[in-house]
Amino acid sequence: MLQSHAEPAQAPVAGIAAEPLLSVRNIEVVYDEVILVLRGLSLEIPRGAIVALLGANGAGKSTTLKAISGLLKTEDGEVTRGEVLFDGQRIDGIDPDKIVRRGIFQVMEGRGIVADMTPIENLRLGAFTRRDNEVQKDLDMVLGYFPRLRERTGLAGYLSGGEQQMLAIGRALMARPKLILMDEPSMGLSPLLVKEVFAIIQRINRDLGVTILLVEQNARAALSVASHGYIMEQGKVVLDGTAEELRDNEDVKEFYLGGAGDQRRSFKNLKSFKRRKRWL
Amino acid sequence: MNMQLLVQLLVNGVIVGALYGVVAMSFVLIYKASQVVNFAQGEFLLIGAWVCWWLLTKYQIPFFAGMAITLVFMLVFGVALQIIVLRPLIGEPIISVIMVTIGLSTIFQGAMKWIFGLNAQPFPPIFKTQSVNILGLQIQTAYLMSVAVSLAMMAGMAWFFKASKYGLAMRATAFNQQIAQSLGISVKNIFAMAWAISAVVSAVAGVVVGVVNSVSPALSTYGIKVFPAVILGGLDSIVGAVLGGLIIGLLENIAHYVDSEFLHWGNLYEIAPFYVLIIILMIKPYGLFGTRNIERV
């Protein structure tokens, strides 16, 4: 019953690896022409994958997403070096509304709900760039995913945090994007809701084939759904690998997963923490 | 008590008030989309009315064709104004932009006087019958048309904001420009659209006033009368603008009645809306329907 939004991931041609959907190559981002935030960041997102981008506050995760979606422009930021390739074409420097038309949709930090509209109006706004006549069908599909939104007929500003996050994800689906950029979907949600949101992220990725780039503070939750992960610090990628590799990495455990493994915390771990304050 | 005068003034109040409502609506449209207080709103009426009058008298085209050409002209005019004058000002302090609209207002007024002169000019007769009889009241056909057109514009605007995709996009832009852009909406295009629609809607009101009375430089006073209406309604509410317009229209005429029957101060008609403006600003600065931010605890 559910239909794929994007074309299915292409099988790699013999000898040639499949082209990634998005590749960010060595970009440098400057705000207000002076503040250097990203210093040579590179990452690749394979078609159909969920990729997690982790890191501490101020590492440049949100800036990375805005560099991809073009929203950097609205904040006086600029990609001054390197390039962003989507589907093999350069998209850095393009206006954000045109990037949405190419198939990249960003769910902003804090959800970006239009508070003085109803949830249904918010969902219909998600389909703004579309010209086909299947919007109603997709609206029914999204409401199938989030039945609670159908019952809420008041203004979206009065929805609970969890409902707003569902609305933001649903609105992204309405655009039929190839790639969704999610900025901290777990922010401000209870542990139970975080679980629910991540289950939904996994489901839309599986059912609809949408590629997802996930920025998170909650590394454990993000690595449980992602297939790959990147770890950022001070505007650079300091570590990357499959989600499994990252989960098993001692340093990642220490920094992001709260202690090394299951054994009780000991003084030894603390010493190791002191030894490695930075990745580089 | 002069009942006949009172009824006549009340009817007049509704007719003029509906027109104020339409102009107020087009004023709020620009304010909502781009936070610009457009002091040249009254001149949009003036330009629309003169252009239509010129087409009708000079080229003898039928009324509806002339009206259609006028509206297309105003559409282009609104977009051009936004692109040439206002787009370069995006990002400048809003007070500079408002100053520019005051300048525009003066330029347009001067240009219209220069081209079309200072005298009031009547439209050629449009309706075969001058007045119709409704429930015992003789009402001029032009007045009926005026109310019908006003209602149609309001209904059209309501539909636009509630049901059309561009109306939703305009509301989203008004709410938060960055969010709008993240949804694929081009804020520049939405601004241009707001100015174009505002110019067209005002021009319709201008032509209607021209048909009912006549076209003269005094038409641009509608742009001033709009302020009490929008402040009463709340600067960013379309519904408020319509109601504010109606209330101000009625109030003017009631003030006129009270003045001519009892007080004999003279000219209360012109002044009353502005007394109201001051009182509203003192007791209810956000107007009847102005935005109160939603805060969720």
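Reader: Hi! How much area do chain A and chain B bury between them?

Author: Hello! This is a predicted model, and in it chain A and chain B bury about 2400 Å² between them. Carbon and sulfur atoms account for 60% of that area.

Reader: Nice. Which three residues supply the most of the area that chain A buries against chain B?

Author: Those are E121(A), L125(A) and F128(A). They supply 25% of the area that chain A buries against chain B, more than any other three residues.

Reader: And how many residues does the contact take from each chain?

Author: Chain A gives 33 residues to the contact, and chain B gives 20 residues.

Reader: What about salt bridges, how many are there between chain A and chain B?

Author: There are 2 salt bridges between the chains. In one of them, the side chain of E121(A) meets that of R171(B), at 3.1 Å from N to O. You have met E121(A) already, as one of the three residues that supply 25% of chain A's buried area.

Reader: Oh, good link! How many residue pairs are in polar contact there?

Author: The count between chain A and chain B is 7 residue pairs, with both residues at pLDDT 80 or more.

Reader: Which elements of chain A give two or more residues to the side that touches chain B?

Author: They are helix 2 (96-102), strand 6 (104-107), helix 3 (119-126) and helix 6 (161-174) of chain A. Helix 2 of chain A gives the most, with 4 residues. By class, that side of chain A has 14 nonpolar, 8 polar and 11 charged residues.

Reader: Switching topic: how many cavities of 30 Å³ or more does a search of the whole structure find?

Author: The search finds 2 of them. The largest cavity holds about 40 Å³ of space.

Reader: What lines the largest cavity?

Author: Residues of both chains do: S69(A), L71(A), P96(A), V100(A), I104(A), F105(A), Q106(A), Q181(B) and S182(B). Strand 6 of chain A has the largest share of this lining, 3 residues. Helix 2 of chain A and helix 7 of chain B each supply at least two residues as well.

Reader: How does that lining divide into nonpolar, polar and charged?

Author: The lining of the largest cavity has 5 nonpolar residues, 4 polar ones and no charged ones.

Reader: One more! What volume does the second largest pocket have?

Author: Its volume is about 670 Å³. The second largest pocket is lined by 26 residues, and I90(B), Q177(B), V187(B), K188(B) and F191(B) lie nearest its centre.

Reader: Which helix gives the most to that lining?

Author: Helix 8 of chain B does, with 5 residues. Helix 2 of chain A is also among the elements that supply at least two residues to the lining of this pocket. By class, the lining of the second largest pocket has 10 nonpolar, 9 polar and 7 charged residues.

Definitions and conventions: Residues numbered from 1 in each chain as written. Chains lettered and ligands numbered in written order. Predicted model: local features only at pLDDT ≥ 70, side-chain atom pairs only at ≥ 80, totals over all residues. Heavy atoms only, no water. Contact = heavy atoms within 4.5 Å. Buried area = accessible area lost by both parts, 1.4 Å probe. Salt bridge = Lys/Arg side-chain N within 4 Å of Asp/Glu carboxyl O. Polar contact = N/O pair within 3.5 Å; in protein donor to acceptor, adjacent residues only side chain to side chain. Nonpolar A, V, L, I, M, F, W, Y, C, P; charged D, E, K, R; others polar. 1 Å grid on protein atoms, 1.4 Å probe; cavity = no way out; pocket = protein on both sides within 12 Å on 5 of 7 lines; lining within 4 Å. Points joined across faces, edges and corners; volume = space filled by probe spheres on them.
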